[in-house]
Structure formats: structure tokens, C-alpha cells
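User: I would like a close look at a single part of this predicted model. Please describe one helix and what packs around it, and then set that part in its wider context.

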Amino acid sequence: MDSKFWNREIETMPRPQLEKLQVERLKKTVEIAMGSKFYAPKFKELGITPDSIKSVEDIRKFPFTTKNDLRATYPFGIASVSLDKVVRLHSSSGTTGNPTVILHTKKDLDEWADAMARSMYCIGLRNTDIIQNTSGYGMFTGGLGIQYASERLGALTVPAGAGNSKRHVKFITDFGTTALHCIPSYATRLAAAFEEEGINPRDTTVKTLIIGAEPHSEAQRKRIEEIWGAKAYNNFGMSEMCGPGVAIECQEQNGMHIWEDNYIVEILDPETLEPVPEGEMGELVLTTLNREAMPLFRYRTRDLTRILPGDCPCGRTHKRLARFQGRSDDMMIIKGVNTYPIQIEKILMQFPELASDYLITIETIGDNDEMTVQAELKEATDDFAMLQNLTKEITRRLKDEILLTPKVQLVGKGVIPQSDGKAKRVVDLRQNH
Amino acid sequence: MKTIKQLSIFLENKAGRLVEILDALKAENIEIQAAAVADTNDFGILRLITSNQAKAQELLAAKGILVSMNEIMAIGVESDTASFTSAVDKLTKGGVNISYLYTFQKDGKLVLIIRTDNLEQAEKVCEQSGLELIQGWE
């Protein structure tokens, strides 16, 4: 192992060779998926066989797979192998319907741990690090996924789990934790827990944060880095693809390298499902290349992003995904204008007077859609005019960004409901929504 | 500086917030001596003088209420309009710019709570013109 790469050969593989590897692996994956009751008939109908695949572009002949397909085939309907080869499953919470289940063979777990270990290595973590995981250990892949990868890396791994900030504070202090895995909103909440104990998070041993599973803006990352006096790296994963370990930023912090030995990446127009011109925004669509139990073809992630053009100075040849601009299904259409919560977050983060929580409420008033943005004020002040001007200025900058005028409400702590899972950012009270 | 401490509390537009704050103070037997609310439709600032400002701040902050402590001037005058007018006149003529003012009765006197950007100048004017600066009742 050399100093910069977990796997130099794969990470710096020249593009033509990398694409050749993708073709080989796609053929292999098709062969495996012939064992799937879900894919086999589709392949037959479309004439897809391992031998029919000549280039990466052939991916466009494949059918799409959606979250609804996963729900409709719940729990084991897409499996490509018999259950005796399956050693684990992970599942989503299923708050909006059947949960989705993702199956793993022993090899799947092995490859997953390796990919996430590669991601950790990529941001400078080594076996000398002490990595504390704040994700829940259970059906959520952020728990075990990080655990196995961190152990694979050889780091001392603290499976502290979700919630109980006081306990996290104690562990970090007592064990000298050097890296944290957490969702961005928890990074700020945990920092507040340190401050309550009279400890400045900058004075802790934590030097690296792996943040992900929740869309966040560059400004929010900067704020997290500032609060912690540490580097925060954006990490992308989704349980359908394995979990954390799909893509991560390198130390350049400019786009997330998606591990293309494991996935074929497409960026498509969410309406037409045709590829967008290179470098333009579209929906991320992924095909797994290194999974057995439940390969997925052209899975529609609903995440909106684009491929960053050009080569990365770090030397890795795997494509870089830009920061996610929201999801194709959390787009809000207000007065005919397409708006994403991340646009609003980006503006709010520019105000040092505001804390990181906010809530967007859309409701019908009269015949109109009205948007209210509640933003959390950081501290009290005796300066009434300042608060009035702040409200005006937030309103003005939001209007410039989203082209409609929201009602801005400053709120104190605890008014915006918090949960230990992903933060709820939008409440849509309109009828027919 | 002869000032007293005032608490400024952020009030979001939410029913029951004021009662919640007052209840919290009552539960700890903290007496409210003066209160003033400035508000728009969307938010307000509650300004409080209580019998124990430090304790009040601590317990409100512990409840997650945004509260800050600041310095204001308390001037004691006779409880009549002429004395009130005279005090304000002296301050204004002395070049003190009053951001806001509220009053309350204490021990038969009228207490003027004055917020100004220039406390030093206000103190100087009071001393030169014989206005009584109160430095607390705690």
C-alpha cells in the first residue's frame, strides 16, 4: 500500500482501461442477474445477454429500476441469488409505503467494506485514526457500513451509535477520537453539546468529519469546519447501491469521486430520461457492477447533480459528482417556479446571525401558494432594528435566488422540530399535494 | 459605570411564549419589577428587570429561550409629570440620544429605564444635573 492511494491501480486507472473493466463487470453482472425473477424476463424481452454488451454505452439498452420496483417486489423479489448465499439485509424505514430491502452476499459485504475503506483512505484517514460512528446500528447502512469499512482500514472504531450527545462527548474526550462519521445537522448539534460542557469543539482531538446522508451546502460544510477546526468531507452512499462508500470527496474537496469500478454513472434529464449534455445538471442514475445478491440496473437515485469537467489534481481518474442540488422528487413547484430546499439553505447559511435549522412551509392562502421560511436565530439581542433589517435582508436575498418572495420568520431555539434522523426541511400543506 | 442589568428576550410569534417565560420566573420566585415588549407581527423583544437577573437569565437560557443581558440606565425621579419631563429634557439637552424608554414605580418614585448608545455621556449628564442614578435593588 502506498501513501496516497488505498488501491493505486484502480483509483488511477486510465479511462479506456477503466471502461474496459466496466464492460467486463457489466457482462458478469448481467450473467448474475439472469437469476433474478425481476430482471430475467426483462432481459429476455430486450435481447440483453452478457455477449450483447460491447461498450459502456450499451447501458442505454437496459430498463430503469426505481424505488417503486423495490417496494413492489418487497422483500426478496429482485434477488439474483438464492437466499442461502445471502448473509445480510438492510432496509429503509418504509414511512411512505413498503420498506425497501437490499440483500448482500458475503462478497458484497467484502467489496462494500473495501470501497468505503478506500473512501476513508482517500480523505487521509489511516489505521492510526480513532473513528467514532454516530450513525444508528441497525437497518440503516450508516452504522454497520462504516463499522466494517473502518475496521478494514485498520482504524480503532468506536460504534457509539445514534443519539445521546453527552455520551458522544465523553467518548470523544476519553478515547481521543480523531474522526467522526455523522450527518451534517448532527455535526452542529454535537458541537453545541460540547459547548454546553464548556468545551470548544476546536480543542478536541477530532480532525476529520465524514459527513453525508443529508443534502448540505458548501456554506454549511464551511461552517462545520469552522466550528470543529477540522476538515469535513462529503460522502455519498445509498442503501440501494450498498450504503456509504459509493462516492467521496478527495482532499481537494472539489467534487466526489464516484468509484466507477463499482458503478456505471449516468446523468439524465429526469423528464425525458435522455443524457444531459456533459457537465450539465440531471438525475444521477447508477448501475451496480460489483454486486451479487441484488444487482440493480439503471437505478434512478432521484438525486440531482452533474459531473465536474476536467481531471482532478489528486490523480484519481474516477469521475467527480458536484454537490447534490436536491432531489428530483423534492422539487417544490411554487407559483409555477421550480425550487429546491438547498437553494434556500444556501442563502440562509450566508447569515452568521442564523443557526443551522430552518423549515419551509408552503400553504394555500386564498388562491395563492405562499411560502414561509422559518430560520433559527443564534442569539438574543436588544437591537430591534437589527432584527427587522435581518428579516428584510434574508427576504431580499431569498427572492433573488428563488424568484418569489417568501415570508421570513425568525424563531428561537426548539421551535423547529428536530429528530435524530434526517432533518425535515419542507412542510407542504397545500391541497392536492 | 452606574448602570443596571436588563434582560432582552427574543419572542417568536408563537402563542403562549410570554406565559411560558413568566411562569418559569414565577416558579423560581423571581419577581418582575418592570417589563416592556417591542414587537412587529413576526417577532418581539421582551425587556425585563427582575429581582435576580443572573438567575433569570440562567434559567431561561436552560429552557432554550434566547436571552441576552445588557446595560441600561435607571434614573429615579419624583413621581410626577414635571419631574419626568425635566429629566428627559436634561438628557436631551446634554446630547444623550434615547433609543427607547420605559418607566415603572418603585418605592414611591418613578424609575426611568433608558437605553442609549452613549452611556458615558448619559452618566455625565446625570451627575452634572443632579439626576439620581439607581444601581440596582437586588
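Analyst:
**Helix H10 of chain A and its surroundings**

The buried residues of H10(A) pack against helix H9 (218–228), strand E16 (354–365), E17, H11 and strand E19 (426–428) of chain A. Helix H10 itself spans residues 341–348 of chain A, and 6 of its 8 residues are buried, so the helix is mostly covered. These buried residues are A:Pro341, A:Ile344, A:Glu345, A:Lys346, A:Ile347 and A:Leu348. Charged side chains are thus represented in the list, by A:Glu345 and A:Lys346. In general, an α-helix has 3.6 residues a turn, so residues three or four places apart point the same way.

One of the buried residues, A:Ile347, also belongs to a nonpolar core of 49 residues, which includes B:Leu7, B:Ile21 and B:Val111 as well. This core therefore has members from both chains. It lies apart from the largest nonpolar core, which has 81 residues.

Several of the elements that H10(A) packs against, namely E16, E17 and E19 of chain A, are strands of one sheet. That sheet is open, has 4 strands in the order E18-E17-E16-E19 (chain A), and shows mixed pairing. Its edge strands are E18 and E19 of chain A, each of which pairs on one side only. From one strand to the next, the twist averages 20 degrees.

Within the sheet, E16(A) and E17(A) run antiparallel and are joined by 9 bridges. In this pairing, A:Thr361 has A:Thr372 of E17(A) as its bridge partner. Helix H11(A) packs on the sheet, where it touches E17 and E18 of chain A, and its direction makes about 135 degrees with that of E18(A).

On its other side, strand E17 (residues 368–377) of chain A pairs with E18(A) in the parallel sense, over 5 bridges. Here A:Gln374 has A:Gln409 of E18(A) as its bridge partner. The connection between these two strands passes from E17(A) through helix H11 (residues 384–402) of chain A to E18(A), and this β-α-β crossover is right-handed. Strand E18 (residues 407–411) of chain A has 4 of its 5 residues buried, so it is largely enclosed by the rest of the structure.

The rest of chain A gives the setting for this part. The chain contains 11 helices and 19 strands, and buried residues make up 45% of its 433 residues. Of the contacts in chain A between residues at least 6 apart in sequence, 65% join residues at least 24 apart. In the largest nonpolar core, the residues with the most contacts inside it are A:Ala187, A:Leu209, A:Ile211, A:Val246 and A:Tyr263. Helix H5 (residues 106–122) of chain A supplies the largest share of that core, 8 residues. Leaving aside residues up to four places away in sequence, A:Leu209 touches A:Leu180, A:Cys182, A:Ala187, A:Ile224, A:Trp228, A:Ala230 and A:Ala232.

Two backbone features of chain A may also be noted. The peptide bond between A:Tyr74 and A:Pro75 is cis, with omega about -5 degrees, and A:Pro75 lies in the loop between helix H4 (67–72) and strand E1 (86–91) of chain A. A:Arg302, in strand E12 (residues 299–305) of chain A, is not a glycine, yet its phi is positive, near 70 degrees. This residue is partly exposed, with 18 other C-beta atoms within 10 Å.

Chain B, which contributes residues to the core that holds A:Ile347, has 4 helices and 7 strands. Along the sequence its pattern is β-α-β-β-α-β-α-β-β-α-β, and 25% of its 138 residues count as buried. At the contact between the chains, 17 residues of chain B meet 16 residues of chain A. On the chain B side, strand E1 (4–12), strand E3 (43–50) and strand E4 (67–78) each supply at least two residues. The largest share of that side, 4 residues, comes from E1(B). By class, the side of chain B that touches chain A has 8 nonpolar, 6 polar and 3 charged residues.

Note on methods. Residues are numbered from 1 along each chain as its sequence is written. Chains are lettered from A and ligands numbered from 1 in the order in which they are written. This is a predicted model: local features need pLDDT of at least 70, side-chain atom pairs count only at pLDDT 80 or more; totals for chains, interfaces and linings use all residues. A residue is buried if 20 or more other C-beta atoms lie within 10 Å of its own, exposed if 12 or fewer, and partly exposed in between; C-beta atoms are placed from the backbone. Two strands pair if DSSP finds at least two bridges between them. A crossover is right-handed if, with the strands pointing away from the viewer, the path from the first strand over the helix to the second runs clockwise. Two residues are in contact if their C-beta atoms, placed from the backbone, lie within 7 Å. Axes are lines fitted to C-alpha atoms, for helices over the stretch in contact, and angles run from 0 to 180 degrees between N-to-C directions.
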